[in-house]
Protein chains: 4
Amino acid sequence: MKIAFLGLGNMGEAMATNLLNAGHELTVYNRTASKAAPLEKLGATVAATPAQAVQDAAIAFSMVTDDAALQALCTGPYGFLPALAQGAIHASCSTVAPDTNRRLAEEHARHGSHLVATPVFGKPEAAAAAKLWLVMAGDEGAKQTLRPVLEVLGQGSAQDFGPDPGAANVIKLCGNFMLGAAIQAMAEAFTLAQKSGLERQQVYEFFTTTLFNLPVYKSYGKLVAERHYQPVGAAPAIIRKDLRLVLDEARTHVVPMPFANIIFDQLSATVAKKEDVDWAGFAERVAENAGL
Amino acid sequence: MKIAFLGLGNMGEAMATNLLNAGHELTVYNRTASKAAPLEKLGATVAATPAQAVQDAAIAFSMVTDDAALQALCTGPYGFLPALAQGAIHASCSTVAPDTNRRLAEEHARHGSHLVATPVFGKPEAAAAAKLWLVMAGDEGAKQTLRPVLEVLGQGSAQDFGPDPGAANVIKLCGNFMLGAAIQAMAEAFTLAQKSGLERQQVYEFFTTTLFNLPVYKSYGKLVAERHYQPVGAAPAIIRKDLRLVLDEARTHVVPMPFANIIFDQLSATVAKKEDVDWAGFAERVAENAGL
Amino acid sequence: MKIAFLGLGNMGEAMATNLLNAGHELTVYNRTASKAAPLEKLGATVAATPAQAVQDAAIAFSMVTDDAALQALCTGPYGFLPALAQGAIHASCSTVAPDTNRRLAEEHARHGSHLVATPVFGKPEAAAAAKLWLVMAGDEGAKQTLRPVLEVLGQGSAQDFGPDPGAANVIKLCGNFMLGAAIQAMAEAFTLAQKSGLERQQVYEFFTTTLFNLPVYKSYGKLVAERHYQPVGAAPAIIRKDLRLVLDEARTHVVPMPFANIIFDQLSATVAKKEDVDWAGFAERVAENAGL
Amino acid sequence: MKIAFLGLGNMGEAMATNLLNAGHELTVYNRTASKAAPLEKLGATVAATPAQAVQDAAIAFSMVTDDAALQALCTGPYGFLPALAQGAIHASCSTVAPDTNRRLAEEHARHGSHLVATPVFGKPEAAAAAKLWLVMAGDEGAKQTLRPVLEVLGQGSAQDFGPDPGAANVIKLCGNFMLGAAIQAMAEAFTLAQKSGLERQQVYEFFTTTLFNLPVYKSYGKLVAERHYQPVGAAPAIIRKDLRLVLDEARTHVVPMPFANIIFDQLSATVAKKEDVDWAGFAERVAENAGL
């Protein structure tokens, strides 16, 4: 199938590579063009503009940093929305506000194309290993077309959250919030244990081989146990933006979320201190407040 | 081996049954004697007092509600500590303050016996299925004697946390705190999703088959998704006591724990409202504050 | 002086009356025209549109509910900004985002007029008694013209916060936050005292005649002590909007504000429960969580 | 009247001096005897032990650091309780748990004397200026005897909180909590204002001459505005103890207090960082988290 992929960060590049390996005819675009070189070597065509990238594509994936970047990619100068073929599908993978995808979906519908929200869960390593978890929400027919294509990106089939594209983003935001809560819980537990005379490492190993024997606890817990937040998978400012979107939804729907407030505030303090760490490094606020 | 088991609540009864099934010679004691009847039928001897229960026992297990009950069992009227044989081992399973086991361990040592802290993780069903997770801390020789006996109670071998018996209780407290954090995180996420138009049940199913595919998320998450907190595995007041112990440790060691404060406060509100629910029912505070 | 007053809610009507009593020639406008009748009887002219109201006015006061209302009043259909005389001054009294006044100030400047942000502190009773506290920020010359006019509205002279109109709104937001914090502090203290066996009323009287002998503690504390939040001075949704603006500023400038989060969440729960009470009624969340 | 004063810290020395100046015959005791020298010069008798200090005294004041110190003073080696004359009155001024004074009051009653809880509000300067606020609770007759004596220590008459001596301590704890809340509120407001471009000092001056024109806001607010927490009126560890007592009462009576949790945690972090500042220095946690 003829597919376009726009946005070649760590996540996007890995996903695009998997689509290429699955035999699709791929055209790629990235704002910083040099990032497209590896994919070009693997056989992808490199487009000079978003609009050019989607020429004749049946499906256009987008994976960018935030709402403004997605909006610009679609409807800014050389944006791809006007260039999409009739009936083409935009698989919108970025972590954005539910309303951003809802509003863009309406613009696609007016234009004769479809936006399906397809956020993904997983780190860049999981993307490279085609082990992402996928969800999707939007137009019924478009989702049916998309489903087999998405399968080469993740483990299991994409979970369908119905016709409202915003619903898929709500799930993505809930997931990132729950990850943050797991990190903060480990930070408090490991710090308490350490100051009570135990070794962080042993506490980590015990929990992640018993009650919390789960990849997300293992991978983030390792950073918290070692108090070493390198390399930077996602910067604190990026996930702070996600938590801001969580709190925005919570405001709109009048849902007090005390845990979300704490995670957001710790991410904010980490941003304010200008630390160059992975986002899980907000866990250091707990250690600091305990005088470690 | 000749073993005594003191404290036959839901957890204790299931654990005692497994020891009996493993071929040990068992004497049991419970404050309310009628609870001992099923074990008596299976071949256990029923003792009239704690002191009587431990006559000739090589190992005495205790599993009671709180610090005061454990203290009374050991050194109150007819308490078993003075009656323990020289060299006998007390496997102290209750969720109590680290210092309670530390202080009792010293009393055992003066008396010529050993206290090993052996708290367990798991619900009564896990205890019945011999699927508990076990930890132990205390005297080296006593732990070696205890290890094979503990193996019939749980999955895997007991994790050893060193010579300080209090260390095992710190781990237990950390674990209960982390469970509470997972419940609160799901409560906030599911409530946000519901008020954003999604179905709690679908959100629950997605997360517990992907990122949070883990028994503790599945079992507690089901209660939170259905907003139905029956049957009562552990009452809110019991786990509120555990979180109080967490915050006591945090005070002693000067560790600010914002998540623990929130869980404790929600448990307190649940106790104040006199709700007859499982402890996970504190998640309803989130739903209420969102007007559900 | 020829003055226009737009927005005749409880606050606006009282302030307009004082301007009229001070001898100014007043034209008034309100979306719901009937609210203008009392002022008309006192000698004010009633305008049919915002634009008509400011004809020939040297100063136009605005006092409306939120940012959207202020924006509409200025630049919506029949908005008054295009109708302002060259050099005229807009005294912008509403509690809005600092950036709203900053942006509007630029529009005024382009048009040849001035916006001075002049938020006020005090309840409608204080407005009627000319006992408001006033602040102002904006163009130097405009503030000098405005100062004597503002004096008839409040006690003391308006405090000058410099040339940035947004600064005055920051102060207003900080003030409303601090009021909310005082209310929450009393709610916690009075509830603790009551559940410890003391009488809320005596606790209230002691503190507000000694350490906290201050009108804001007395007036809001009376509501909290009596747990009776009538009449409605400002609805929870209104002040929730103010706290939202506080948290928006805190996001923009990366300032974790744990107290502000708690006040906002309690106001949200009060809005979610659809209670018809004064905004201080968020204090009931404390009583409820204590089982009262 | 023959009066004993035990505990000559900053507060105690100032109070004892005022009693002496009022013409009372004073015997004083302090663990570190050298602290008694200034009072001796003014005419006080210095006792070598607590028991000796209260010989023939009609009233014995105590003002010490915490519950353990008070208990030791009363019933430890050379403790004064057994030495009190029949019918003598112990005016217990320390900030201790309500139950500590309740339990001691029963011991006094058995012995034939009276304990009246008489905590005071105010800094050492206020004590020196006889401007403390006083409360009292306990035996009716003893309070009547005490009232005129207390009058030389403070402004106004002592507020009577009934026969339960614990009630007076509840009030004292509520007061210290409310002071902490005012400090935290100013810390958040001043930090937000500063990062929004305003000057902390001007914000402080505005609020403490208008809405919050009150000595407690002025004195603590000055420290927060200047971010200079010297000299040390009371160390963070002392007031952390008070907040711990607040949270203990809140646990006992099942009252969630989110503001109290935050203040306690910030004080804990300040203790963990070993800062040599006045207790109001916990406000620095807000500044730090905002990257200042």
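**Group meeting: interfaces and local features of a predicted model**

Over all chains, the count comes to 48 salt bridges. By that I mean a side-chain nitrogen of Lys or Arg within 4 Å of a carboxyl oxygen of Asp or Glu. Before I go on, the ground rules. This is a predicted model, where local features need pLDDT of at least 70, side-chain atom pairs count only at pLDDT 80 or more, and totals for chains, interfaces and linings use all residues. Residues are numbered from 1 along each chain as its sequence is written, chains are lettered from A and ligands numbered from 1 in the order in which they are written, and side-chain values use heavy atoms, with hydrogens and water left out.

One salt bridge as an example. Arg102(A) pairs with Asp99(A), and their closest N and O atoms are 2.7 Å apart. Where do these two sit? Both are in helix α5 (residues 98-111) of chain A; they are three residues apart, so about one helical turn separates them. Helices here are DSSP runs of H or I, at least four residues, and strands are runs of E, at least two, numbered from the N terminus.

Now the interface of chain C and chain D. On the chain C side, 56 residues are in contact with 57 residues of chain D. Contact means heavy atoms within 4.5 Å. The buried area is about 5100 Å², and carbon and sulfur atoms give 79% of that. Buried area is the accessible area, with a 1.4 Å probe, that two parts lose on being put together, summed over both.

How many salt bridges are there between chain C and chain D? Zero. Polar contacts do turn up: the rule finds 11 residue pairs, both at pLDDT 80 or more. A polar contact is a pair of N or O atoms within 3.5 Å; within protein, one must be able to donate a hydrogen and the other to accept it, and residues adjacent in sequence count only if both atoms are side-chain atoms.

Which elements of chain C supply at least two residues each to the side that touches chain D? Among them are β8 (133-136), β9 (159-160), α8 (165-195), α9 (200-209) and α11 (236-252) of chain C. The most comes from α8(C), with 18 residues. By class, that side of chain C has 40 nonpolar, 11 polar and five charged residues. For the classes, Ala, Val, Leu, Ile, Met, Phe, Trp, Tyr, Cys and Pro count as nonpolar, Asp, Glu, Lys and Arg as charged, and the others, Gly among them, as polar.

Next, chain A against chain D. Here eight residues of chain A are in contact with nine of chain D. The area buried is about 540 Å², with 51% from carbon and sulfur atoms. Ala272(A), Lys273(A) and Asn289(A) supply 61% of what chain A buries against chain D, more than any other three residues. The rule finds zero salt bridges across this interface. It also finds zero residue pairs in polar contact, both at pLDDT 80 or more. On the chain A side, α12 (258-272) and α13 (284-289) are the elements that give two or more residues. The most comes from α13(A), with three residues. The split is three nonpolar, two polar and three charged.

On to the annotations for chain A. In an unreviewed entry, UniProt marks residues 2-155 as "domain: 6-phosphogluconate dehydrogenase NADP-binding". That span, residues 2-155 of chain A, is 39% helix and 19% strand, and its end C-alpha atoms lie 23 Å apart. UniProt, again in an unreviewed entry, places "domain: 3-hydroxyisobutyrate dehydrogenase-like NAD-binding" at residues 166-273 of chain A. Residues 166-273 of chain A are 78% helix and 0% strand, with end C-alpha atoms 33 Å apart. UniProt positions are in the numbering used here, feature names are shortened, and annotations may be inferred rather than shown by experiment.

A quick look at one sheet. Chain A has an open sheet of three strands in the order β7-β8-β9, with mixed pairing. Its edge strands are β7 (120-121) and β9 (159-160) of chain A. Two bridges join β7(A) to β8(A), and these run antiparallel. Strands pair if DSSP finds at least two bridges between them. Val120(A) has Leu134(A) as its bridge partner in β8(A).

Last, backbone details. Gln230(B) and Pro231(B) are joined by a cis peptide bond, omega about -5°. Pro231(B) is in the loop between α10 (215-226) and α11 (236-252) of chain B. Tyr78(A) has a positive phi of about 60°, although it is not a glycine.
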